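Subject: Structure handover

Hi,

Here is the structure you asked about. My notes follow below it.

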Amino acid sequence: MKFFVDTADVDAIRELHELGMVDGVTTNPSLIAKSGRDIKEVTREICEMIPGPVSAETVALDADGMIAEGRELAKIADNITIKVPLTWEGLKACKVLTGEGRMVNVTLCFTANQALLAAKAGATFISPFVGRLDDINLDGMELIAEIREIYDNYDFSTEILTASIRTLNHMKQAALIGADVATAPPSVIKSMAAHPLTDKGLDGFLKDWAKTGQKIL
Ligand code: E4P
């Protein structure tokens, strides 16, 4: 499973990238606003660091507007993935932009039927938002499993990009189900390394080691 980082925080991306943990990056208008930076400037900086797909989101509501914004964002770098919302207009924009050979990430997906439409429109990535479904007492990971089954039934090449990840369980389930990609905030990716028994075990080893009086270096 590929790891994308869901942030526009360049320092946080760099830290994970140095460990080889970043296959791509996703941003959205809220994350750009949080960064306090110009969308083109910060996205360019991310694209220079990360060779994989970097999603930059359009904000127009009509297909023509999304197409124009998508083409403009695509000028930033070759690895830009244009993000459009899963609306009828977004699907139209997806069809045109993928027809031009551009990568398109169809975002704000909440049902398997929406994901089916995105695949038919030629999306490179579909982004089902699991955390936001959990927020309204639905099962986000069930949606990922449904989309996996549907895409496999018909050999769609659209990649399932599990988004709105909030928990370690989301990461594990995405990998078990066979999602192609998981995009998560840096804090979630870093917390995958943590376990209280690891800390407790390390503490015990170090205490016993101290009793030996030995040194390795
Ligand atoms: C994905 O591309 C989105 O940017 C993101 O995962 C949304 O996550 P949120 O629901 O935590 O805002």
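The ligand is surrounded by eleven residues in this predicted model. They are D6, T26, N28, T107, S127, F129, G131, R132, A163, S164 and T183. By class, two residues of this shell are nonpolar, seven are polar and two are charged.

Next, the barrel. Eight strands close into it, and their pairing is parallel. The order runs β1-β2-β3-β4-β5-β6-β7-β8. On average, neighbouring strands of this sheet are turned by 30° against each other, direction ignored. Helix α3, residues 39–49, packs on the sheet. There, α3 touches β2, β3 and β4. The direction of α3 makes about 170° with that of β3.

One strand pair in detail: β2 covers residues 24–26 and β3 covers residues 54–57. These two pair in the parallel sense over two bridges. V25 has V54 in β3 as its bridge partner.

Now to K83. UniProt lists K83 under "active site", in an unreviewed entry. The residue lies in strand β4, which spans residues 80–85. Is K83 buried or exposed? K83 counts as buried, because 26 C-beta neighbours lie inside 10 Å and the cut-off for buried is 20 or more. Leaving out residues up to four places away in sequence, K83 touches S55, A56, E57, T58, N105 and T107. T107 is also one of the residues around the ligand.

Two loop residues deserve a look in the viewer. N137 has a phi near 65°, a positive value in a residue other than glycine. N137 sits in the loop between α7 (130–135) and α8 (140–154). N137 is exposed, because just 6 other C-beta atoms lie within 10 Å and the cut-off for exposed is 12 or fewer. D155 also has a positive phi, near 55°, and is not a glycine. D155 is found in the loop between α8 and β7 (159–162). With 6 other C-beta atoms within 10 Å, D155 is exposed too.

Last, the chain as a whole. The protein chain has eleven helices and eight strands. Its C-alpha trace spans about 70 × 40 × 30 Å along the principal axes. The chain has 217 residues, and 37% of them count as buried. Take the contacts between residues at least 6 apart in sequence: 54% of these join residues at least 24 apart.

Best wishes

Conventions:
Residues numbered from 1 in each chain as written. Predicted model: local features only at pLDDT ≥ 70, side-chain atom pairs only at ≥ 80, totals over all residues. UniProt positions renumbered as here; feature names shortened; annotations may be inferred. Helix = DSSP H or I, 4+ residues; strand = E, 2+ residues; numbered from the N terminus. Contact = placed C-beta atoms within 7 Å. Pairing = 2+ DSSP bridges. Axes fitted to C-alpha atoms, helices over the stretch in contact; angles between N-to-C directions. Near = placed C-beta within 6 Å. Nonpolar A, V, L, I, M, F, W, Y, C, P; charged D, E, K, R; others polar.
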